[in-house]
Structures are given as C-alpha cells and as structure tokens.
Amino acid sequence: MRLISICPSNTELAAYLGLAPSLIGVDDFSDWPAEINGLPRLGPDLNIDMDKVEALQPDLVLASLSVPGMERNIEELEKRYIPYVIVPNPKTLKEVGDCILFVGKVTNTSEKAEQLFEKFNRILSFYESLSRKIDAPKSLYWEWWAKPIFTPGAANWLTEISKLAGGRNVFEDRPEASVQTDWDDVKERNPDTICVVWVGVHKKKVNPKVILKRPGWEEIEAIRNDQLYILDEPLYCRPSPLLLNGLAQIAHILHPDIYPPYVEGKDLLMDF
C-alpha cells in the first residue's frame, strides 16, 4: 500500500504500525521516526501541495481535521478523487488508543494494531497504579504558546498526563481543551512546576529568558525552586502514542522516587 500522511501524528501512528516503509510522502512537520526523513515533503499541514500528492499516486492519504484550516486539504482531495481517510482527532489518551485501531483497520494492519492497543492501555494502567502512591500531587503549569499565553484545560490529554504523573494541571478548572490566559493568572495559581512545550517549536529554540523576564517571575514557586523545564514538544503536543514517552519523562521529573527513569531515545510503547 502506497501511503501518504499529511500531519505528524498520522505519520507517527503509521510508523508504530510498521508502515513507515509504505509511506511515499509526508507533510513538512513530520519528523518521527528518523527513517521518514528522506521522503518527499508535501508542504506544511495547513497548506499541502496537492499537485505533489496527486503525482505520487497514493493508494491512501491519512488526513486530519485536528487544526482549523485543514478542511481545505480535504476539499482538494475530494476534488481530485484522491483516496483518503480522516483520522479522528483525539482529545483523550483513550481516544489516542482508538486511533491506533482506526489506522490499523484502514491499512489492513488490524492484528498489529490490536497488539499495540492492548500494550498502550497496559502502560496507562501501570502509570495509574503508580499515581495512586502519590500523597501530594505537584501542581503543573503547561505553556503551549507565549504571546498570547495558551495552556491546556480540562478537556486535554495533558491534564490526564498530569494526573498519571502524580501532578495536577493548575488550569484543570477550565473546561476547554486550550485556554487563552495571561501571566497574572499563572502567577496567581503559583505552580510547583512549569513545563514549556511551545507547539511546533524545537526545545533548542525556546529561550527560558522569555519567561524569566516576565514581571514577578521570582514570586512563583516553580522558578524559586528551579522547576522550570523546556521539554520536547512532540512528546506532549501531538495526539499519537509518543505521548506515552512524554508521560514517562514528566512523571520521573515530578516523582523520581516513584516512577521509573525516562530514557531518551527509548520508546515506551515499543520497549515496555
């Protein structure tokens, strides 16, 4: 099967199912696994070059509606009669697991998908059991974007990850998936830990001085105790099984005496 993926999380789902060799083209932002790096690039996920897609003659395009504006890609695929499926846009970790099954079904890899799905849920159960050992959850502030400030609310997998890691998202009282707020609100909530995962920005390009020059930064518990972390954005901001690696990383940061170490470069779903 000749596959094309036009968003990073779909590329990752395909790779977990052993379909990386079947991929013949991907969007510009797909960067995992390393073996896809030599594939033709088809443009950013909000502006896919459909002439290139059409020329590659795929059997199936793994499309998405996870970001406003992606509907233009669907319109073009329809117009050109290019075969595609829209991978569901998960909001929870359980729904990420469901996406494994969905991609498995449409790519005829259901047996592999069911095995991964079972392991995925086993890992979540393992972390849930460890989280019950935490007497005092750490409060976490996740920063998705800096100007204006965006952070995840209750309807987002990072709130789930926070709980499984023995923490509590300080914005879990806000029902939406993505919350626009301001620095005064963050200061008032006074988190124990600050995690910076700017969407689409590599951690090497994130300068912590952006936060450390904000007014009153020295009043925040996290900064007073040197608990400001610049983390790997793909492990937290994409709805794919890579989120398990993010869970392993932040859990060990928060409670190293309870959770196993996170080994960079090791994939939890593949190696658990």
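Student: How many cavities of 30 Å³ or more does a search of the whole structure find?

Tutor: This is a predicted model. The search covers the whole structure, with a floor of 30 Å³. The number of cavities found is one.

Student: How much space lies in the largest cavity?

Tutor: A cavity is space where a 1.4 Å probe fits but cannot get out. For the largest cavity, that space comes to about 40 Å³.

Student: Which helix gives the most to the lining of the largest cavity?

Tutor: The lining residues include S9, N10 and L13, along with S64, S66, V87 and P239. P88, N89 and P90 also line the cavity. One helix, spanning residues 8-16, gives three residues, the most to this lining. That helix is α1.

Student: Where is D27 found?

Tutor: Strand β2 covers 23-26, and helix α2 covers 50-56. D27 is found in the loop between β2 and α2.

Student: Which side chain of opposite charge is nearest to buried D27?

Tutor: A salt bridge needs a nitrogen and a carboxyl oxygen within 4 Å. The nearest side chain of opposite charge to D27 is 5.6 Å away, and D27 has no salt bridge. D27 is nevertheless in contact with that residue, as well as with S5, I6, C7 and P8, among others. The nearest side chain of opposite charge belongs to R41.

Student: What side chain joins D27 in a polar contact of 2.6 Å?

Tutor: The cut-off for a polar contact is 3.5 Å between N or O atoms. The contact at 2.6 Å runs from side chain to side chain. The partner of D27 is S30.

Student: How many salt bridges does a search of the whole structure find?

Tutor: One of them joins E76 and R80, with the closest N and O atoms 2.9 Å apart. Another joins R174 and E176, with closest N and O atoms 2.9 Å apart. The search of the whole structure finds 15.

Student: Is E76 buried or partly exposed?

Tutor: Buried means under 20% relative accessible area. E76 has 22% relative accessibility, so E76 counts as partly exposed.

Student: What separates K187 and D184 along helix α7?

Tutor: The side chains of K187 and D184 meet in a salt bridge at 3.9 Å, N to O. Both residues lie in helix α7, residues 183-189. Because they are three residues apart there, the separation is about one helical turn.

Student: Which residues do salt bridges with shared partners join into one network?

Tutor: E76 and R80 form a salt bridge, and both belong to the network. Shared partners join D51, E54, E76, K79 and R80.

Conventions
Residues are numbered from 1 along each chain as its sequence is written. This is a predicted model: local features need pLDDT of at least 70, side-chain atom pairs count only at pLDDT 80 or more; totals for chains, interfaces and linings use all residues. Side-chain values use heavy atoms; hydrogens and water are left out. Helices (H or I, at least four residues) and strands (E, at least two) are DSSP runs, numbered from the N terminus. Buried means under 20% relative accessible area, exposed over 50%, partly exposed in between (1.4 Å probe, protein chains only). Lys and Arg count as positive and Asp and Glu as negative; His and the chain ends are not counted. A polar contact is a pair of N or O atoms within 3.5 Å; within protein, one must be able to donate a hydrogen and the other to accept it, and residues adjacent in sequence count only if both atoms are side-chain atoms. Contact means heavy atoms within 4.5 Å. On a 1 Å grid over the protein atoms alone, a cavity is a set of points where a 1.4 Å probe fits but cannot get out, and a pocket is an open set with protein on both sides within 12 Å along at least five of seven lines; lining residues have an atom within 4 Å of a point. Grid points are joined across faces, edges and corners, and a volume is the space filled by probe spheres set on the points. Lists of a residue's contacts leave out its neighbours within four places in sequence.
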